[in-house]
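The following exercises concern a loop residue and several charged side-chain pairs. Please work through each task before reading its solution.

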Amino acid sequence: MLRPTRLSSKLKGHALDVVQRLTSLYPEPRCALVHRNAFELIVATILSAQCTDVRVNMVTPALFARYPDARALADADQADVEELIRSTGFFHAKAKNLIAMAQQLVEHHGAQVPADLEALTRLPGVGRKTAHVVLGNAFQVPSGVVVDTHVKRLAFRLGLTKSTAPEVIEHELASLIPESEWINFSHRLIDHGRKVCDARRPRCDECTLREICPRLGVEPPKPRGKKG
């Protein structure tokens, strides 16, 4: 377990300012993965590894129609699952993990997704990020801050962390952000990363956070050459 991080009051104040501005900008954030229950969410989150949420949402309707619950997926043929999820990438490993995860749910959890961090992370294909997504969005339990590629990028650019390690970033953000904001803060950073703070071409001039953002790692625009 990571030790508590000592953070300055100035940094904590900066973090709260970020929270407030993002809350005003994205007042009603929600999980981008379409789901109706915890089972659908854990499956969709496993599929989202190295894949866009848009692509996952295109794949899951047919997958859930074929395998609507853990018992159905536990008995699935891996080749059939692979064909349904092929476009999400890494489909061999994902199909294997999905079936194994469903089998574990049937054998140890009554075919239900557990609302417990340790139990979730013991499931095949489920890491801390996936567990936090499921707990936060299916059970409204703020077990931690979800750190995906957008959160990792924006947390650094905003000066909320100097680390590149997801678990360290998660720990530092959890120390800076009130627990009541953990779930929505991740959603808001993700929304902002998609709409404004692009990985290659962040639109800083349009950004609501530009006055407080140190823009760490953001290269300044190259000056245009003089004509003539």
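Helices are here DSSP runs of H or I with at least four residues, numbered from the N terminus. The model is predicted.

**Exercise 1. Locate Ser143 and describe its surroundings.**

Solution.
- Step 1. Ser143 lies in the loop that connects helix H8 (128-138) with helix H9 (149-157).
- Step 2. Neighbours within four places in sequence are set aside; the residues then in contact with Ser143 are Leu117, Ala131, His132, Leu135 and Trp182.
- Step 3. With His132, the side chain of Ser143 makes a polar contact of 2.7 Å.
- Step 4. For a distance across the chain, take Ala115, which is 28 residues from Ser143 in sequence: their C-alpha atoms are 10.0 Å apart.

**Exercise 2. Determine how Arg21 and Asp17 are paired, and explain their placement in helix H1.**

Solution.
- Step 1. A salt bridge requires a side-chain nitrogen of Lys or Arg within 4 Å of a carboxyl oxygen of Asp or Glu. The side chains of Arg21 and Asp17 form such a bridge, with an N to O distance of 3.1 Å.
- Step 2. Both residues belong to helix H1 (residues 9-25), and because they are four residues apart there, about one helical turn separates them.
- Step 3. Side chains of opposite charge can pair when their charged atoms come close.
- Step 4. Arg21 is partly exposed at 22% relative accessibility, and Asp17 is likewise partly exposed at 23%.

**Exercise 3. Which parts of the chain does the pair Arg128 and Glu170 link, and is each residue buried or partly exposed?**

Solution.
- Step 1. Arg128 and Glu170 meet through their side chains in a salt bridge of 2.6 Å, N to O.
- Step 2. This pair joins distant parts of the chain, since Arg128 is in helix H8 and Glu170 is in helix H10 (residues 166-176), 42 residues apart.
- Step 3. Buried means under 20% relative accessible area. Glu170, at 10%, therefore counts as buried, whereas Arg128, at 33%, is partly exposed.

**Exercise 4. Characterise the salt bridge of Arg188, then identify the network joined by shared partners.**

Solution.
- Step 1. The partner of Arg188 is Glu181, and their closest N and O atoms are 3.5 Å apart.
- Step 2. Arg188 is buried, with 5% relative accessibility, while Glu181 is partly exposed at 23%.
- Step 3. Elsewhere, Asp17, Arg21 and Glu211 are joined into one network by salt bridges that share partners.
- Step 4. The structure contains nine salt bridges, among them the bridge between Arg188 and Glu181.

Terms used
Residues are numbered from 1 along each chain as its sequence is written. This is a predicted model: local features need pLDDT of at least 70, side-chain atom pairs count only at pLDDT 80 or more; totals for chains, interfaces and linings use all residues. Side-chain values use heavy atoms; hydrogens and water are left out. Helices (H or I, at least four residues) and strands (E, at least two) are DSSP runs, numbered from the N terminus. Contact means heavy atoms within 4.5 Å. A polar contact is a pair of N or O atoms within 3.5 Å; within protein, one must be able to donate a hydrogen and the other to accept it, and residues adjacent in sequence count only if both atoms are side-chain atoms. Buried means under 20% relative accessible area, exposed over 50%, partly exposed in between (1.4 Å probe, protein chains only).
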